[in-house]
Amino acid sequence: MRRVVKAAALAAGATGLFSRVETPVAIGRSFSTPQSQYQASSPVWKLGRLNHVAVAVPDLEKASSFYRDVLGAQVSEVVPLPEHGVSVVFVNLGNTKMELLHPLGSDSPITGFLQKNKAGGMHHVCIEVDNISAAVMDLKKKKIRSLSDEAKIGAHGKPVIFLHPKDCGGVLVELEQA
């Protein structure tokens with residue numbers, strides 16, 4: 001919504017037609033969204049900060065080199081996570097991280113993604129929650145499906161669970177205990 005604000009003359013000696021101008025000035029933006037079919041998070045748990053954006057890559061060394069050598073980012077060593085079927089590299093961006101994912105083993109969930117997306121691409125977003133157990137129970141009540149029955153230990157050594165992209169606007173969402 002815009003409000004009309006009377007603007008004072010820009011220069012002390014301004015006279016005539018432009019000495020008083022009414023100019024519409026945007027003082028803030030309001031976003032209207034349709035009423036959601038979902039309720040906000042329960043007071044038992046709270047959504048936190050963006051932890052990372054995960055990108056599936058066909059060549060982990062090449063991708064690591066790009067972020068480290070071309071963009072100058074701090075890049076971790078390769079971390080194999082056989083229980084998740086991936087090898088990961090973390091790219092520190094200061095306010096958040098990127099997680100570069102590469103298939104590990106024959107049953108890797110990243111293999112299928114890379115078969116459909118040969119050059120790689122954004123795989124998921126990870127958002128922290130302050131109580132993952134309460135979040136999982138609450139989201140199940142709200143009919144939000146997860147890809148596993150319970151949280152597993154993720155790459156940061158904390159419990160994580162993935163929410164089904166069909167219930168999350170087409171985005172694979174990972175929740176991680178803060």
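**A walk from glutamine 177 to a cavity**

Hi everyone, let's start with one side chain: that of glutamine 177, which reaches the backbone oxygen of aspartate 130 at 2.8 Å. Before I go on, please keep in mind that this is a predicted model.

So where does glutamine 177 sit? You'll find it in strand β11, which covers residues 173–177. And is glutamine 177 buried or exposed? It counts as buried, because its relative accessible area is 18% and the cut-off for buried is under 20%. Let's look at its company, leaving aside neighbours within four places in sequence: glutamine 177 is in contact with Val129, Asp130, Asn131, Ile132, Lys158 and Pro159.

One of those contacts, Ile132, takes us to our next stop, helix α3. Ile132 is buried in α3, and so are Ala134, Ala135, Val136, Asp138 and Leu139. Here's a general point about helices that may help when you look at that list. An α-helix has 3.6 residues a turn, so residues three or four places apart point the same way. What covers the buried residues of α3? The cover includes β8, at residues 121–129, along with β10 and β11. Just after α3, have a look at lysine 143, which takes a positive phi of about 65 degrees.

Now for the cavity. How many cavities of 30 Å³ or more does a search of the whole structure find? The answer is one, and its volume is about 30 Å³. Its lining is made up of Val136, Leu139, Lys140, Ile144, Ser146, Ile161, Leu163 and Leu175. Two elements, α3 (132–141) and β10 (159–163), each give two or more residues to that lining. Which element gives the most? That is α3, with three residues. By type, the lining divides into six nonpolar residues, one polar and one charged. Notice that Val136 and Leu139 turn up twice in this talk: they are buried residues of α3, and they also line the cavity.

For our last stop, let's move to another helix, α1, which runs over residues 60–70 and holds arginine 68. Arginine 68 counts as partly exposed, because its relative accessibility is 34%, and partly exposed lies between 20% and 50%. Which residues does arginine 68 touch, not counting those up to four places away in sequence? They are Glu61, Ala73 and Val75. There is also valine 91, 23 residues from arginine 68 along the chain, and the C-alpha atoms of the two are separated by 8.1 Å.

That's my tour, thanks for listening!

Methods. Residues are numbered from 1 along each chain as its sequence is written. This is a predicted model: local features need pLDDT of at least 70, side-chain atom pairs count only at pLDDT 80 or more; totals for chains, interfaces and linings use all residues. Side-chain values use heavy atoms; hydrogens and water are left out. Helices (H or I, at least four residues) and strands (E, at least two) are DSSP runs, numbered from the N terminus. Buried means under 20% relative accessible area, exposed over 50%, partly exposed in between (1.4 Å probe, protein chains only). Contact means heavy atoms within 4.5 Å. On a 1 Å grid over the protein atoms alone, a cavity is a set of points where a 1.4 Å probe fits but cannot get out, and a pocket is an open set with protein on both sides within 12 Å along at least five of seven lines; lining residues have an atom within 4 Å of a point. Grid points are joined across faces, edges and corners, and a volume is the space filled by probe spheres set on the points. Ala, Val, Leu, Ile, Met, Phe, Trp, Tyr, Cys and Pro count as nonpolar, Asp, Glu, Lys and Arg as charged, and the others, Gly among them, as polar. A polar contact is a pair of N or O atoms within 3.5 Å; within protein, one must be able to donate a hydrogen and the other to accept it, and residues adjacent in sequence count only if both atoms are side-chain atoms.
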